Amino acid sequence: MSKKSALEVEAAGQNPTETTPLVSRTGADTSDGAGGPSKAGESSGPGLSVRQTAILVAGEMAGSGVLALPRALVKTGWVGVPLIIAMALAAAFSGKRLGDCWTMLENRHPELRTRNRHPYAIIANEALGPIWSVVVFVCLMVTQFGMSVVYLLLAAQLIEQIFLSLMPNVTICIWYLVVGCGVTPFLLFGTPKDFSKLGLVAFVTTVLACLFYFIQMMNDVKPFVFRWGIHGFTDFFLAFGTIMFAFGGASTFPTIQNDMNDRSKFNTSLKYSFSAILVLYLVIAISGYAVYGEAVAPNIAASLSATALTLVGNVLMTLHLLAAFVILINPVCQHVEEVVYRVPTESVGYRTLVRLSVMAGILFLGESIPRFYTILALLGGTTLALITFVVPSYCYLNLLAKEPAGTPAAVASSNWTKLFCWQVIVVGAVGGAFAAYSALSAIFSTAQAVPCYLR
C-alpha cells in the first residue's frame, strides 16, 4: 500500500497476537490442524467459525427489535410489515457490501490480512478518503454508545417489572445502576473472539423469550376489544427510525468479520443470522399489534399480562440484552483504547481503566435520560442510518470502480447490484432524515423525563 491511514499505522504497532495473518493465500483455513479438511462452519484456528459468527450477529441484533417493533407497527399500520421485511433485506445487503469491501482490500493489500481493531474506518479511508474515515469513526462511537445505553435501559425496565411485586419502591433509576455495575466485569473481554459463547447465550435466550411472549400473547387474545388508530407523518417516520434501529448491527460487522478464520465466508453467516432475526421480529411484531392494537407499550413486555410465562420471558430477554450489550460495547472500547488513548494491547491495567471510564459514561447518560423510545428512533435515523445503510453501499461502489477488469469482485458485480446500492443509499439518507426530524419533534414536543440524579 503506497499510502497508509493513521489508523493503519497504529494497527501495525500491535503485538504479534493481533497481527498474525488469519487467512493465507494457500488456503490454510481449510485444514483441521491434522492434515485433513475441517468440517463446514467449524473453526480451524483461533478465530470465529461461520456458525459462531452467525450466532454472534443474531445475538447482538435481535433484542431491541423484538421489544420495540410491535409499537412501531402501531404507528405505521400493517404497511409496517412489508417495511420491516424491506429494511431487513436492505440491512443484510449493506452488511454483505461491507464484507465485500474488506475482501477487496485484502486482495489488494495482503498486509491487511491481520486482526485489525478498526476495519470499518480503514474501509472508509480506502474508499472515500480520510475525512470519511473520521466521520465513520465518530458515527460508530456515537451509535454503539447510544445503543448500549438503550440496551441497559431496556434491561433495567425488565428487571423492574420482574421484581415489582417484591420491591415496588425500587425505580428504574436504581435498577439501571445495579445492572450497569453487574455487567461491568464483562467489558474487560479483549475482542469478539474472546466471548463468542455470549453470542450463543444472546441468541438462545432471545428465541426462548419470544416463544414465551408469543404464548402469552395468544392467551391474552380478546377479540374486538382494541381498535387501530390513524397516525400521521411524524409517527410514521418515528416508527421508521425504530425499524432502522432494529437492523442497525452493521456497524459492528467489520469488527466481527475481522475475527473470523475465513473472512470470505462472512456473507454466509449473514444469511443465517438475518433469516433468524427476521422470523423472530415478524412473529412478535405482528402478534403484538394484532392482539393489543393501540394499547401496545413502547416495550412489548409491559403490555403482557403478569403471568409466569411473562416472568420467564422477561428474565430470558434481560439475559439477552446484557449479553448483547457486551457484544455491542466491545468495538467502542477497542476504538477508545486504540485511537483516543492509544493503550498498548498488552497493558491490562490501562485497558481496564479505559473501559471503566466508558462504563461510567454509559451510566451517566442513562441516568440523565431514563427513556429509550425516542432516543432509539433518533439514533436509527441519524448515525445508524449513515453507517448501516448509506456508507456501506457508497464504499462498495467506490472500491468497485477502482477494481481492475477481470478480478473476482468486478466479475461478481452486476448493474442490478449497483442499482440496488443506490436505492439503499437514497432510502437510508431520505428515510433517515425524516426519522431524525420526527424523533427530534417528539423529544421537544413532550415533557422530558427528569434526570434520575435530580429526583
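Helices, in the sense used here, are DSSP runs of at least four residues, numbered from the N terminus. By this definition helix 5 spans residues 119-128, and G129, which follows helix 5, has a positive phi near 110°. The model is predicted.

Overall, the protein contains 17 helices and 0 strands. Of its 455 residues, 58% are buried. The exposed surface amounts to about 18,300 Å², and 69% of that area is supplied by carbon and sulfur atoms. Among contacts between residues at least 6 apart in sequence, 84% join residues that are at least 24 apart.

In soluble globular proteins, nonpolar side chains tend to be buried together. The largest nonpolar core in the model has 137 residues. Helix 6, residues 130-162, gives the largest share of this core, with 16 residues. The residues with the most contacts inside the core are L67, I84, Y213, F247, F325 and I362. For I362, the contacts beyond four places in sequence are with F145, S148, V149, L152, Y176, F325 and I329. F325 thus appears both in the list of residues with the most contacts inside the core and among the contacts of I362.

Two of the contacts of I362, V149 and L152, also belong to the side of helix 6 that meets helix 7. The axes of helix 6 and helix 7 (residues 172-183) come within 8 Å and cross at roughly 115°, and the crossing is right-handed. On helix 6 the contact is made by V149, L152, L153, A155, A156, Q157, I159 and E160. On helix 7 it involves I172, W175, Y176, V179, G180 and V183; of these, Y176 is likewise in contact with I362. By class, the contact between the two helices has 11 nonpolar, 2 polar and 1 charged residues.

Helix 5 is largely enclosed by the rest of the structure, because 10 of its 10 residues are buried. These are P119, Y120, A121, I122, I123, A124, N125, E126, A127 and L128. The buried set therefore includes the charged residue E126, as buried here means under 20% relative accessible area whatever the residue class.

A further buried position is found in helix 11, residues 266-292, which contains S287. The relative accessibility of S287 is 9%, so S287 counts as buried under the 20% cut-off. Leaving out residues up to four places away in sequence, S287 touches F214, M217, M218 and L282.

Terms used. Residues numbered from 1 in each chain as written. Predicted model: local features only at pLDDT ≥ 70, side-chain atom pairs only at ≥ 80, totals over all residues. Heavy atoms only, no water. Buried < 20%, exposed > 50% of the residue type's maximum accessible area, 1.4 Å probe, protein only. Contact = heavy atoms within 4.5 Å. Areas by Shrake-Rupley, 256 points an atom, 1.4 Å probe, with all protein chains shown as cover. Core = buried A, V, L, I, M, F, W, Y, C linked by side-chain atoms within 4.5 Å. Axes fitted to C-alpha atoms, helices over the stretch in contact; angles between N-to-C directions. Left-handed = near helix turned anticlockwise from the far one by under 90°.
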